[in-house]
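Please read these notes with the structure open beside you. Each point takes up one place in the chain.

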Amino acid sequence: MQEQPPYSPTSSDEDKSKGKGRAEGKKSVKEKGAGRSVGGKDETRWSLVAAVRKAGGKLGKERVTYVCSNCGEGSSQWWGMCRHCEAMGTLMKYVPGADSTASEGSHHAYRSWIPQKSKEMVPQSLQQVTKGVDQSGWRIPLSGSFGTEIARVLGGGIVPGSLILVGGDPGVGKSSLMLQLASIVSENIGVGESSAVVYVSGEESIEQIGNRADRMSIKSRNLYLYSSTDIEDILDKIQPLSPRALIIDSIQTVYLRAFAGSAGNMTQVKECTSALLRFAKLTNIPVFLIGHVTKTGDIAGPRLLEHIVDVVLYMEVGKLLLQTQFFLIN
């Protein structure tokens, strides 16, 4: 038998290996730039603030929630009986992001869209923080008799980046007064400031809100209306406007896709409020949340909700004086 010579790569084999290397190089470059937004800008979507963070650690355990199939209430651990509706054997295991309906990029941390890089964020002295800041004009001013009353309760105006919860009895006029407040904020425009104010309703259509604005003689051109209950969708749609303020009506009607249960349950209310808190702090955009109350007069949702927000305003109509009063809780 004739002995075969040892194998040596031909030119065609070398071309294939080089082509494969170039393809792998392009793939790695593409993966590195996957975090950038469309259009070549390094701007990140605002909706990522509402995305669920991937669990850390070597095991990478995912967060598990048990949801009642009868009433929709969620619990962090399994019980034989639902604590809300007292139904037996109705708690079902749910893993956020396990299905196809979970939002894309839900594994990204909300900190990925912070304007500053983590290495650049270092503790600063009080003088560095307050240097060049005009404290007298830092708050958003409110004009008119109604705006002056709210500004007085808030200590002189709306603090940028604050999260304010507005509660009150049904029919007291929370939606109407917040619509009036949105009109006042949109009309007080400063130099170099955004004039847009977005009013988002999960209970009414934009036509219904527009009809109410017409009855109240609100004609502001900078007031934008939107009807949605998806937090990530809301943050995506308002990003091009870069609004001066955001109003959510109400916190019990919005939800996050990555969490189990219907809108209004304890888990959804807490997680949506936490996501909007991060959004307000990182964008410096004040957010107003309208909240429902229970039969006992407390704001609906977990008690923790009142501790998450910066300010709680409760609207009450007096029996003798037909005017709305505001009470500052915290």
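1. Where is the place of S250? S250 sits in a loop, the one between β7 (245-249) and α7 (266-283). The model is a predicted one, and in it the peptide bond from D249 to S250 is cis, with omega near 5 degrees. As background, most peptide bonds are trans. The bond from D249 to S250 is therefore worth finding on the screen, because most peptide bonds are trans.

2. Two further loop residues concern the backbone angle phi. Most residues other than glycine have a negative phi. S242, in the loop between α6 (231-238) and β7, has a phi near 45 degrees, which is a positive value in a residue other than glycine. S242 is partly exposed, and its relative accessible area is 36%.

3. The second of these residues is N284, which belongs to the loop between α7 and β8 (287-291). Its phi is also positive, about 65 degrees, although N284 is not a glycine. With a relative accessibility of 46%, N284 counts as partly exposed. That label applies because partly exposed covers values between 20% and 50%.

4. Now the sheets. Strands of a sheet pair through backbone hydrogen bonds, either parallel or antiparallel. An open sheet is formed by three strands in the order β2-β1-β3, with antiparallel pairing. β2 (74-75) and β3 (91-94) are at the edges and have a single partner strand each, so one side of each has no neighbour in the sheet. Between β1 (residues 65-68) and β2 there are two bridges, in the antiparallel sense. To locate this pairing, start at Y66, whose bridge partner in β2 is S75.

5. How do β5 and β6 pair, in the parallel or the antiparallel sense? Strand β5 (residues 197-201) and strand β6 (residues 223-227) pair in the parallel sense, over five bridges. Within this pairing, V200 has Y226 in β6 as its bridge partner. From β5 the chain passes through helix α5 (residues 206-215) to reach β6, and this β-α-β crossover is right-handed.

6. Helix α5 holds I209. I209 is buried, with a relative accessible area of 0%; the word applies because the cut-off for buried is under 20%. Leaving aside neighbours within four places in sequence, I209 is in contact with L179, Y199, S201, E204 and L225. I209 and Y226 are 17 residues apart along the chain, and their C-alpha atoms are separated by 9.3 Å.

7. R212 also has its place in helix α5. Is R212 buried or exposed? R212 is buried, at a relative accessible area of 8%. Its side chain and that of E204 are joined by a polar contact of 2.6 Å. Apart from residues up to four places away in sequence, R212 touches S175, S176, L179, Y199 and E204. E204 therefore deserves a look from both sides, because E204 is in the contact list of I209 and in that of R212.

8. The last point concerns rings. A pair of aromatic rings is described by the distance of the centres and the angle of the planes. Here the count of aromatic pairs comes to zero. A charge over a ring can still be found: the charged end of R83 sits over the ring of W79, at 3.7 Å from its centre.

Technical notes. Residues numbered from 1 in each chain as written. Predicted model: local features only at pLDDT ≥ 70, side-chain atom pairs only at ≥ 80, totals over all residues. Heavy atoms only, no water. Pairing = 2+ DSSP bridges. Helix = DSSP H or I, 4+ residues; strand = E, 2+ residues; numbered from the N terminus. Right-handed = clockwise from strand over helix to strand, strands pointing away. Buried < 20%, exposed > 50% of the residue type's maximum accessible area, 1.4 Å probe, protein only. Polar contact = N/O pair within 3.5 Å; in protein donor to acceptor, adjacent residues only side chain to side chain. Contact = heavy atoms within 4.5 Å. Phe/Tyr/Trp six-rings, centres within 6.5 Å; stacked < 30°, edge-to-face > 60°. Lys NZ or Arg CZ within 6 Å of the ring centre and 35° of its normal.
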